[in-house]
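Reader: Could you walk me through the pockets, the cavity and a couple of residues in this model?

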Amino acid sequence: MAEKNAASVSGSGAQVVADIGSQPGLTPLDVALRLACEQVAVSDLIETRDLTDCFGAILREDVIAAVNVPSVDNAAMDGYALRLADMAALPQKGDVTMPVAGVSLAGHPFAGEIPVGRAIRIATGAAIPVGADAVIIQENVTANVDESEIRIDRAAIDRLRHGDNIRRAGEDVKQGMVILPAGKRLRPQDVAVAAGQGRAHLVVARPLRVAVFSTGDELAAPGGELPPGGIYDSNRFAMIGMMRAIGCDVTDLGLLRDDFAVLQTALADAAQHHDVILTSGGVSVGKADLLKPVVDSLGEIHAWKLAIKPGKPLMRGRIGDCLVLGLPGNPVSVMVSGLLYAVPLLLHMMGARNEDRAAVRFPVPAGFNLKRGTGRREWLRARLHRNGNGQLVALPFHSSSSGVLSSMVWAEGLIELAENRSSVQQGEIVEYIAFAGLQAF
Ligand code: AMP
Ligand code: MG
């Protein structure tokens, strides 16, 4: 393996090498996330919640179907249930008439077996009477005034087959099957299918307690005065939003100065009462970048610097049992590293399965040309656009600066460029991650 392509991670004793063209000293995102998921345990804190409070939560039990859905064979359409063998006994030419022996409505089944040579009026969802083997839809039938007799269209009789317009018991859900696997992030349809099993509660992950703060002497809190040369703290709100979106219980710890003692006290205190500390700023190599030494003084650093752009200086460490994630200061870096590293890692801690924490990528032709330096995986803020030929192409924002937060407002997704990709030509395929395909949106 070529020396320049080797990336290593140390801190846990593990030496990981990946030959995907990452810069030396930087860990590729996939490796960093895999290691983090190996080193950070899945939380054993679970709780039982009412169904209506389960949306977005991580399921922590296999939900096994207790009942068949539907519970009995039932009608898929409004019409008449009948026995095909009876049709054979009727004249084989022209329309036929048949007496109606009763009614089966949803919740009010016809009692007993269908009498020979008769039809049963049936509503959608109503139980198929014993002995009936098809439902003829009411559009193919003319009933007399008191609905005691029907005339059935000949063409419809000739078309009618065994089982027509009948939904079979267990056709949707079979008793005994795992209808929802542990680790699934619950969407409306998932909660609904649990309700369809008669479940009123589900066992889900307890929300992680996440302390969030921003660091930097230049920062001012929104609502306050902006000193000359200062900037309002925007990162805290991006972090809080992403954490809330994945169901975390967030404590907003505000702004911290670039001061060793201030940071040390605040982190030590936050670590006592939280599962995770998430910060922005102060993790790079400048004089005011104190987060690393502070975490080092209180606990340990497990990872630092990823082969990603933006977001390179990201740090992972631990103070006691509390995970510490130090995101960089640039606002786009905060969001990209938050969405693609912090969010999947925290979902892992809450027990999410891989499919429910990974970003969804799909291939799209590029609508642009680009040359770039290799060695880091890069994300461009992007939108899909229909070009003059009606083809969907991905277009990047005009600036790739990681300080331009408005690019994230303009964007509807990210173009992902692999570590070793040095150029993009118009029409070549790039990977596109729609914001809707990320867990925190
Ligand atoms: P740092 O990583 O602390 O050197 O910060 C990198 C850049 O991000 C600097 O230009 C900071 O002013 C900016 N920045 C840091 N924290 C924030 C924040 N909370 N909100 C907005 N911009 C920030
Ligand atoms: Mg700073």
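Author: Happily, and let us begin with the cavity. By class, its lining holds 5 nonpolar, 2 polar and 1 charged residues, where Ala, Val, Leu, Ile, Met, Phe, Trp, Tyr, Cys and Pro count as nonpolar, Asp, Glu, Lys and Arg as charged, and the others, Gly among them, as polar. This is a predicted model in which local features need pLDDT of at least 70 and side-chain atom pairs count only at pLDDT 80 or more, while totals for chains, interfaces and linings use all residues. Residues are numbered from 1 along each chain as its sequence is written, chains are lettered from A and ligands numbered from 1 in the order in which they are written, and side-chain values use heavy atoms, with hydrogens and water left out.

Reader: Which residues line the largest cavity, and how much space lies in it?

Author: On a 1 Å grid over the protein atoms alone, a cavity is a set of points where a 1.4 Å probe fits but cannot get out, a pocket is an open set with protein on both sides within 12 Å along at least five of seven lines, and lining residues have an atom within 4 Å of a point. The structure holds 1 cavity of 30 Å³ or more. Its lining consists of Leu 339, Val 343, Arg 357, Ala 358, Ala 359, Gly 437, Leu 438 and Gln 439. With grid points joined across faces, edges and corners, and volume taken as the space filled by probe spheres set on the points, the space in the largest cavity is about 30 Å³.

Reader: Which domains each give at least three residues to the lining of the largest pocket?

Author: The largest pocket offers about 450 Å³ of space and has 33 lining residues, with Gly 281, Gly 282, Pro 328, Gly 329 and Asn 330 nearest its centre. By class, these 33 residues divide into 10 nonpolar, 14 polar and 9 charged. Taking domain bounds from an automatic or database domain assignment, the contributors of at least three residues each are domain 1 (29–45 + 207–356) and domain 4 (361–439).

Reader: Which element supplies the largest share of that lining?

Author: Helices (H or I, at least four residues) and strands (E, at least two) are DSSP runs, numbered from the N terminus. At least two lining residues come from each of β15 (231–232), α8 (331–349) and β24 (377–386). The largest share, 3 residues, belongs to β24.

Reader: Which residues lie nearest the centre of the second largest pocket?

Author: About 320 Å³ of space lies in this pocket, and its lining divides into 9 nonpolar, 4 polar and 5 charged residues. Both α6 (260–273) and β21 (322–327) supply at least two of them. Of the 18 lining residues, those nearest the centre are Ser 43, Asp 275, Arg 318, Asp 321 and Met 349.

Reader: Is Ser 407 buried or exposed?

Author: Ser 407 sits in helix α9 (residues 406–410). Leaving out residues up to four places away in sequence, Ser 407 touches Val 332, Arg 381 and Phe 397, contact meaning heavy atoms within 4.5 Å. Buried means under 20% relative accessible area, exposed over 50% and partly exposed in between (1.4 Å probe, protein chains only). Ser 407 has a relative accessible area of 0%, so Ser 407 is buried.

Reader: What lies 2.8 Å from a polar atom of the side chain of Arg 383?

Author: Arg 383 belongs to strand β24 and, at 31% relative accessibility, counts as partly exposed. Beyond four places in sequence, Arg 383 touches several residues, including Val 393, Trp 410 and Tyr 432. The atom at 2.8 Å is the backbone oxygen of Trp 410.

Methods. Polar contact = N/O pair within 3.5 Å; in protein donor to acceptor, adjacent residues only side chain to side chain.
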